[in-house]
2 protein chains.
Amino acid sequence: MNTVTVKAPATIANLVCGFDIMGLCLNEPFDEFTVSISKTVGVSITNLDNFNLPTIANQNVCGVALLSVLKNTTLVKGFDIISNKKIMPGSGIGSSAASAAGVVVAANYLLGNIFDQDKLIEFALEGEFLASGGKHADNIAPAILGGITLIRSHSPIDIIKIASPELYFVILHPQIEIKTSDARKILPQKIELSQAIQQWANTSALVAGFLQNDYELIGRSLQDIVVEPIRSRLIPYYLQLKNAALQSGALGGGISGSGPSVFMVCKDKNIASNVEQAMKNIYATTNIKFKTYISTINPNGVILM
Amino acid sequence: MNTVTVKAPATIANLVCGFDIMGLCLNEPFDEFTVSISKTVGVSITNLDNFNLPTIANQNVCGVALLSVLKNTTLVKGFDIISNKKIMPGSGIGSSAASAAGVVVAANYLLGNIFDQDKLIEFALEGEFLASGGKHADNIAPAILGGITLIRSHSPIDIIKIASPELYFVILHPQIEIKTSDARKILPQKIELSQAIQQWANTSALVAGFLQNDYELIGRSLQDIVVEPIRSRLIPYYLQLKNAALQSGALGGGISGSGPSVFMVCKDKNIASNVEQAMKNIYATTNIKFKTYISTINPNGVILM
């Protein structure tokens, strides 16, 4: 086989309390990438979407990720990518991770699956680094592995999949720009030990909530006292959004990655639909363009189409 | 019934990375308390052991805990306690928690179990406060509930029981004095955000390890980069003890509570016995008196005898 097309899903990083360690794979929205083995050296990129992303390989997330793959194999000279992105760059739901993870999984398939998941994550992280200036795998890991992932360690890479009960995620993406690097700069270097203890109580309890199928515990544990108070200032009407969602029955929620998307976790489809409406109502009164999604958890990550 | 005797077990607080939020109930060692309904007002205490603990109610952990019970009921005037402690006070394996939890559970039984577990924890915490100057439930909760407990929140109290695979705990108690309040004073008020992230990655992964019966993951997650580097200085030969235990097959381990006891987690009885011997060998070369225990997890907490 010389050509494959993959579906590369959006992801939610941090999951409220799990800053820099937790992530989750969504079914909606997702990108499509067609990757082919090329007879020429390097990576060529053709964009089908209107996001005007760079087509020079070392300036493009997909390009950088596949250059990293090429550095580790002599089986092929190059790849051609046809990119059809639907996850808006800068939305905070893992657009760059979908790009990097998508093409890396596709390329590995074309190479006969010679690389294991840790290696794929490593290659994809090169792409993520171009986009965000950091090598955080909290979007990449769930994009590749699917489900909910916990990153215990980056070096060596140690990623744990966490099962969970059925959950619905409502995402509202306000179309404003927040750069990941800026969202990182405003965080403090140090935090109170007492705050840290509360945060690790919540992350631990959230894992217990997922694994014990305890919706109430999931809801109680979705509390972030470290990052949310600072980053939420960057998102217009954040508190109103969150309060409206909670009043409509959401278990909890917060900022997706470094924002601007806000996500809310719900027990069932009906509640999710009410929560979506309540969030839409808040933003309908503003001049900010926005988009909403409802998604369940995607257990598979990037898949061939 | 006017008299009951309870078995009140030792507990391990913190569980390495889970500072101030995790605790675990042991089968060995344990205290025995006989509590009777009294016709006179207040709490009387008789010690059968040789620890010379105060017998004035408001200066004794058991006394304070039962005075707190008496404040919340008019059913009885007072209690008599016969205390037969085997868990040495100041050992770091929840001696004061065993006292407080033991008599509170006994008194509740005599009262017809009118108080729920949260209330019992609240009463026992009054006793714990006398001993340590803090109201941390990480020993009290497992002593009352049994098993492994996670304290998501103290106010309101939110305690989660965590199932786990069979584990053996080897405890070495060096007979030196470390006051909980002193061990707390040397901790920093603030920590690096990056350290906090690593710690909540480990606490979350430890919960996943317990609930997924993953021994290797439990071992990898038993890492404390916040408290151990500071408190371990108070325990002679700490690193030697830990290294010897790890080399003998322990999954991991650390300081029990605020010390001085050190505990190591093992997958089976044989390994536990090798680990105990290795730890004994280290301390045998010193002048410090010490005691060792091997225990499995006690799923029940305080029970009637």
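The expected span of a helix is 1.5 Å times one less than its number of residues. The exercises below use a predicted model.

**Exercise 1. Helix H6 of chain A**

Compare the reach of helix H6 (residues 193-211) of chain A with its expected span. Then decide whether H6(A) is enclosed or open.

Solution.
- Step 1. H6(A) has 19 residues.
- Step 2. From first C-alpha to last, H6(A) reaches 27 Å, close to the expected 27 Å.
- Step 3. A residue is buried when its relative accessible area is under 20%.
- Step 4. In H6(A), 15 of the 19 residues are buried, so the helix is largely enclosed by the rest of the structure.
- Step 5. Look just past the end of the helix: Asn213(A) has a positive phi of about 55°.

**Exercise 2. Two partners of helix H3**

Describe how H1(A) packs on H3(A), then how H2(A) packs on H3(A).

Solution.
- Step 1. Take helix H1 (residues 61-71) and helix H3 (residues 117-132) of chain A. Their axes lie 7 Å apart, at an angle of about 145°. The crossing of H1(A) with H3(A) is right-handed.
- Step 2. List the contact residues. H1(A) supplies Val61(A), Val64(A), Ala65(A), Ser68(A) and Val69(A). From H3(A), the residues include Phe123(A), Glu126(A), Glu128(A) and Leu130(A).
- Step 3. Sort the contact of H1(A) with H3(A) by class: eight nonpolar, two polar and two charged residues.
- Step 4. Turn to helix H2 (residues 95-110) of chain A. The axes of H2(A) and H3(A) come within 8 Å and cross at roughly 145°. This crossing, too, is right-handed.
- Step 5. On the H2(A) side the residues include Ala97(A), Ala101(A), Val104(A) and Asn108(A). They belong to a contact with H3(A) residues, among them Leu120(A), Phe123(A) and Gly127(A).
- Step 6. The classes for H2(A) with H3(A) are nine nonpolar, three polar and one charged.

**Exercise 3. Ile230 of chain A**

Is Ile230(A) buried or exposed, and which residues does it touch?

Solution.
- Step 1. Locate Ile230(A) in helix H8 (residues 228-231) of chain A.
- Step 2. The relative accessibility of Ile230(A) is 15%, so this residue counts as buried.
- Step 3. Leave out residues up to four places away in sequence. Ile230(A) then touches Ile186(A), Leu187(A) and Pro188(A).
- Step 4. Check Ile297(A), 67 residues apart from Ile230(A) along the chain. Their C-alpha atoms are separated by 27 Å.

**Exercise 4. Unusual backbone**

Most residues other than glycine have a negative phi, and most peptide bonds are trans. Examine Tyr237(A), Asn52(B), Pro156(B) and Pro260(B).

Solution.
- Step 1. Tyr237(A) has a positive phi, near 65°. It sits in the loop between H8 and helix H9 (238-247) of chain A. With 38% relative accessible area, Tyr237(A) is partly exposed.
- Step 2. Asn52(B) has a positive phi near 55°. Its loop runs between strand E3 (42-47) and helix H1 (61-71) of chain B. At 72%, Asn52(B) counts as exposed.
- Step 3. Ser155(B) and Pro156(B) share a cis peptide bond, omega about 0°. Pro156(B) lies between strands E5 (148-154) and E6 (157-162) of chain B.
- Step 4. From Gly259(B) to Pro260(B) the bond is also cis, with omega near 5°. Pro260(B) occupies the loop between strands E9 (252-255) and E10 (262-266) of chain B.

**Exercise 5. The two chains**

Which rotation superposes chain B on chain A?

Solution.
- Step 1. A rotation of 180° with 0.0 Å of shift along its axis does so, at RMSD 0.0 Å.
- Step 2. The two copies are therefore related as by a two-fold rotation axis.
- Step 3. Of the interface residues of chain B, 100% are also interface residues in chain A, so the copies meet through the same surface.

Definitions and conventions. Residues are numbered from 1 along each chain as its sequence is written. Chains are lettered from A and ligands numbered from 1 in the order in which they are written. This is a predicted model: local features need pLDDT of at least 70, side-chain atom pairs count only at pLDDT 80 or more; totals for chains, interfaces and linings use all residues. Side-chain values use heavy atoms; hydrogens and water are left out. Axes are lines fitted to C-alpha atoms, for helices over the stretch in contact, and angles run from 0 to 180 degrees between N-to-C directions. Helices (H or I, at least four residues) and strands (E, at least two) are DSSP runs, numbered from the N terminus. A crossing is left-handed if the near helix is turned anticlockwise from the far one by less than a right angle, and right-handed if clockwise. Contact means heavy atoms within 4.5 Å. Ala, Val, Leu, Ile, Met, Phe, Trp, Tyr, Cys and Pro count as nonpolar, Asp, Glu, Lys and Arg as charged, and the others, Gly among them, as polar. Copies are superposed by least squares on the C-alpha atoms of residues with pLDDT of at least 70 in both. Buried means under 20% relative accessible area, exposed over 50%, partly exposed in between (1.4 Å probe, protein chains only).
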